[in-house]
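Hello,

Here is the structure we talked about. My notes on it follow below the display.

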Amino acid sequence: MRQLSGLDAMFLNLERPNTPLHVGSVVFVDPSTAEGGFTHETVMDVYRNRLHLLPPFRWRLVTTPMGLDHPYWIDDPEFDLEYHVRRIAVPPPGDARTLADIVARIHARPLDRSRPLWETYVIEGMADGMVAIYSKNHHATIDGVSGVDILGVVFDLEPTPPVPGHREAMKGERPPSDAEMLLRSAQGLVKLPGRAGRMAVRAAGALPLLGRMAEQAAPSRMRSRMGEGLLGKPHLQAPPSPFNGTISPHRRWAYASMPLKDIKRLKDAYDCKVNDVVMALTAGALRRWLARHDALGDQALQAMVPISMRTSDQKGDAGNQVNALIALLPTDVPDVEDRLRSASSSMDVAKGGNAVPASVLRDFTQFASPALAASAARTIARLGWADHMRTPFNVVVSNVPGPPVPLYLGGARMEGIFPVSAIYDGMGLNVTLFSYRDELQFGLVADRDMVPDLWEMADDFTAEMAEMAALLEG
């Protein structure tokens, strides 16, 4: 048995029927590149061969009586691979939008908590001959970087077919009784004073930073490192936008890709980071969409940007080692070049100190009463807080670096991988980007009603990238 951290448990507590908190991806593989063919059974064999290297895929939740302590994982003694790996087909015409509709509907469905928290769908029938593989894992088990680690276990650097029917021996764990879990909970409660002490010490050390964050409620300006321009810091409340409010249980998903070389050339030409270019790209695309919907305000939108806190010692660990910062997204800047400079400087400001230290966040979620946290999450959701309060951000923008070399699944070459992330009340749009080989591939997830034309928004990203790339020709 292994206990969930407070942060991992938080992703379970925050989950409601309209806000499932799993993250996923759609991988495209070319079956013609696999010697001997590629089918649903090929994917089954890959998992049979490698499940012993993927502990989170076998973990099942065990809760404590009355929610006295954080839940535990056990190795599922009744693990059923056939339940987790499924086979479906996309109906004619088998194009991108038809596939996206299917993925959006599956992505909107919560995972069954009585089983390990993941599912994979082998989707056939694509008009271009590709096989699409949609996978989703609960955010309680993985973050963006650990998801990439899992990719490295399931996929190969060479077109190596799996061994048909081979299954590594694995043992499940006996589910503990309520009495055993009650005893574990009591032992956990004994440790609370120590947890509280550590949290107090770390929180005290973070007070100067928290004070600086509070100052951001009032407008302030600072010099940009990319020029003489002046830049505002994020506010504690983001401006109103169509993407904020209580979301429905229904989703839309759209995806596209662009040349990674253009992103890198812009990075070099303007002496900034890839993430800065991504933020400018997102700002420009959203500006186009907002203008088309008469929703372009005079204030910059604000983005929550997840950042990995995973150390080299934690590489390969499951669970979450993440923090987040809030950065201005310069949707109020009309010029594309100025937008790039502003986005870069905004990220400088954000990195300079508006993220709560990961140690404080980790200690707080570990110390907070699990039962109280779960009850508070339910109460807040019932009150519809997102329709009455403004959060510090309008949209989530996440950029996950992926492999620069070709990968293979069951001998078939992976042609692309597109993220399918999570949204929540108060943040009805998520923009996640993933680099693979020579492309930057992105997936947009939105509440179905908030963004009814999500494919047009994806086109805005493509158009904005073309305009940014034109800067290099001047």
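**Loop residue E158**

E158 is exposed, because its relative accessibility is 52% and the cut-off for exposed is over 50%. Please keep in mind that this is a predicted model. E158 sits in a loop, the one that runs between helix 5 (144–154) and helix 6 (178–190). Its C-alpha is 7.0 Å from the C-alpha of L407, although the two residues are 249 apart in sequence.

**Salt bridges**

The count of salt bridges is 21. Side chains of opposite charge can pair when their charged atoms come close. Three of the pairs are described here, followed by a network.

E464 pairs with R288, with 2.9 Å between the closest N and O atoms. E464 belongs to helix 13 (residues 454–470) and R288 to helix 9 (residues 274–292), so this salt bridge ties together parts that are 176 residues apart in sequence. How buried or exposed are E464 and R288? E464 counts as buried, because its relative accessibility is 1% and buried means under 20%. R288 has 27% and therefore counts as partly exposed.

K267 and D268 also form a salt bridge through their side chains, at 2.7 Å from N to O. K267 is partly exposed, with a relative accessibility of 24%, while D268 is exposed at 54%.

The third pair is R341 with E337, where the N to O distance is 3.7 Å. Both residues are in helix 10 (residues 336–351), and because they are 4 residues apart there, about one helical turn separates them. R341 is partly exposed at 31% relative accessibility, and E337 is partly exposed at 27%.

Beyond these pairs, salt bridges link E41, D45, R48 and E82 into a network.

**Nonpolar cores**

In soluble globular proteins, nonpolar side chains tend to be buried together. Which residues touch the most other members of the largest nonpolar core? They are W253 and M457, in a core of 71 residues. Helix 9 makes the biggest contribution to this core, giving 10 residues. Leaving out residues up to four places away in sequence, M457 touches F243, L286, W289, R292, L429, L444 and V451. There is also a second core, separate from this one, with 49 residues; F11, V23, F57 and Y436 are among them.

**Cavity**

Rolling a probe the size of a water molecule over the atoms shows where empty space is left. How many cavities of 30 Å³ or more does the count give? It gives 1. The largest cavity holds about 30 Å³ of space. Its lining is made up of P20, H107, R251, S421, A422, I423 and V445. By class, 4 of the lining residues are nonpolar, 2 are polar and 1 is charged.

**Points to look at in the viewer**

- The E464 and R288 salt bridge, which joins helix 13 to helix 9.
- M457 and its contacts, among them F243 and W289.
- The lining of the largest cavity, including H107 and R251.
- The approach of E158 to L407, 7.0 Å from C-alpha to C-alpha.

Regards

Methods. Residues numbered from 1 in each chain as written. Predicted model: local features only at pLDDT ≥ 70, side-chain atom pairs only at ≥ 80, totals over all residues. Heavy atoms only, no water. 1 Å grid on protein atoms, 1.4 Å probe; cavity = no way out; pocket = protein on both sides within 12 Å on 5 of 7 lines; lining within 4 Å. Points joined across faces, edges and corners; volume = space filled by probe spheres on them. Nonpolar A, V, L, I, M, F, W, Y, C, P; charged D, E, K, R; others polar. Salt bridge = Lys/Arg side-chain N within 4 Å of Asp/Glu carboxyl O. Buried < 20%, exposed > 50% of the residue type's maximum accessible area, 1.4 Å probe, protein only. Helix = DSSP H or I, 4+ residues; strand = E, 2+ residues; numbered from the N terminus. Core = buried A, V, L, I, M, F, W, Y, C linked by side-chain atoms within 4.5 Å. Contact = heavy atoms within 4.5 Å.
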